[in-house]
Amino acid sequence: MIKGKAFFVDLTLCTACRGCQVACKQWKDLPAEETRNVGSHQNPQDLSAKTIRLVRFNEVKEDGKLKWLFFPEQCRHCIEPPCKYIGNMYADGAVKQDPVTGAVIMTDKTKGITRLESWEMCPYNVPRRDEESGIWNKCDMCINRISKGMLPACVKSCPTGTMNFGDRDEMLALANARLAEVQKTNPDAYLADPEHVRVIYLCESAPENYHDRLVASAAQRKNLVAAAPKPKTVTRRGMFKSVLGGNENA
């Protein structure tokens, strides 16, 4: 059984209050960004090195009715993180994984990762590089809080029960129990990539209705493999087969 910590994020309860987004910025002391109105309540429009948690808004039509879907996006803290294995080939020790919690942490050494785009390291396209410092940034699971027994800032701020955090086996049990409850009225509800990540989303609509990177589909993983630069010392196919696990043609 995989140990460590995990988030359970129940999207059926999210009201897009953005408390988690604000709490993340406050705890991490991340500056505000200049934005503009593009006709959506979502602000800003994408993740960045200064916005490492973003509540995405999407209006969809289901059964003839318009519906708001909200997706608080963050690093998924993959069980086997491609960003760690790939990024460290370009800057040794740049990305670490905490052995106790499983948190995937980008260090200041990521400044040495200069030839990659986010999607070339991450099937969820989450990490972002700061244009001024050159350092990559993303959620680190609030490792400085949880190491002291505190909840991550986003979880602490959530007023609806959307955000949950604890031991991974407990979060999986909570997620599966909640899924069974939701499926009584919505049989199509599902958990997003629970076997691969430590941020487990409970969804009630198709993945693309939330965001095109909500789940790491086989096609997205295949695209990541095909698009990544070929390292000098390790073959691309061999490396990714090891990183992603299983058949690289899946």
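Is Lys-67 exposed, partly exposed or buried? With a relative accessibility of 26%, Lys-67 counts as partly exposed, because the buried class stops under 20% and the exposed class starts over 50%. Keep in mind as you look around that this is a predicted model.

Lys-67 is a handy way into the hairpin. Its side chain meets that of Glu-62 in a salt bridge, at 3.7 Å from N to O. Glu-62 is partly exposed too, with a relative accessible area of 23%. These two residues belong to a pair of strands: β2 (residues 54–62) and β3 (residues 65–73) run antiparallel and are joined by 9 bridges. Follow the pairing along and you'll find Arg-56 standing opposite Phe-71 in β3. At the turn, 2 residues sit between the strands, and Asp-63 takes a positive phi near 55°. Arg-56 has another job to show you: together with Asp-46, Glu-73, Arg-76 and Arg-128, Arg-56 is linked into a network of salt bridges.

Now hop over to strand β1 (residues 5–10). Here 5 of the 6 residues are buried, so β1 is largely enclosed by the rest of the structure. Which strands does β1 pair with? One is β8 (residues 163–167), paired in the antiparallel sense over 5 bridges, with Phe-8 opposite Asn-164. Another is β10 (residues 199–203), paired in the parallel sense over 4 bridges; there, Val-9 has Tyr-201 as its bridge partner.

Side chains tie β1 to β8 as well. Lys-5 and Asp-167 meet in a salt bridge, 2.7 Å from N to O. That pair links distant parts of the chain, with Lys-5 in β1 and Asp-167 in β8, 162 residues apart. Both ends are partly exposed: Lys-5 has a relative accessible area of 26%, and Asp-167 comes in at 30%.

Lys-5 also leads to Thr-101, which lies in the loop between β4 (95–97) and β5 (104–106). Thr-101 has a relative accessibility of 8%, so it counts as buried. Leaving aside neighbours within four places in sequence, Thr-101 is in contact with Gly-4, Lys-5, Met-141, Ile-143, Ile-146 and Arg-198. Closer along the chain, the Thr-101 side chain reaches the backbone nitrogen of Ala-103 at 3.1 Å.

One last stop is the salt bridge between Glu-181 and Lys-184, whose closest N and O atoms are 3.2 Å apart. Glu-181 is partly exposed at 41%, while Lys-184 counts as exposed at 63%. The structure holds 11 salt bridges, so there are others to look for on your own.

Technical notes
Residues numbered from 1 in each chain as written. Predicted model: local features only at pLDDT ≥ 70, side-chain atom pairs only at ≥ 80, totals over all residues. Heavy atoms only, no water. Buried < 20%, exposed > 50% of the residue type's maximum accessible area, 1.4 Å probe, protein only. Polar contact = N/O pair within 3.5 Å; in protein donor to acceptor, adjacent residues only side chain to side chain. Contact = heavy atoms within 4.5 Å. Pairing = 2+ DSSP bridges. Salt bridge = Lys/Arg side-chain N within 4 Å of Asp/Glu carboxyl O.
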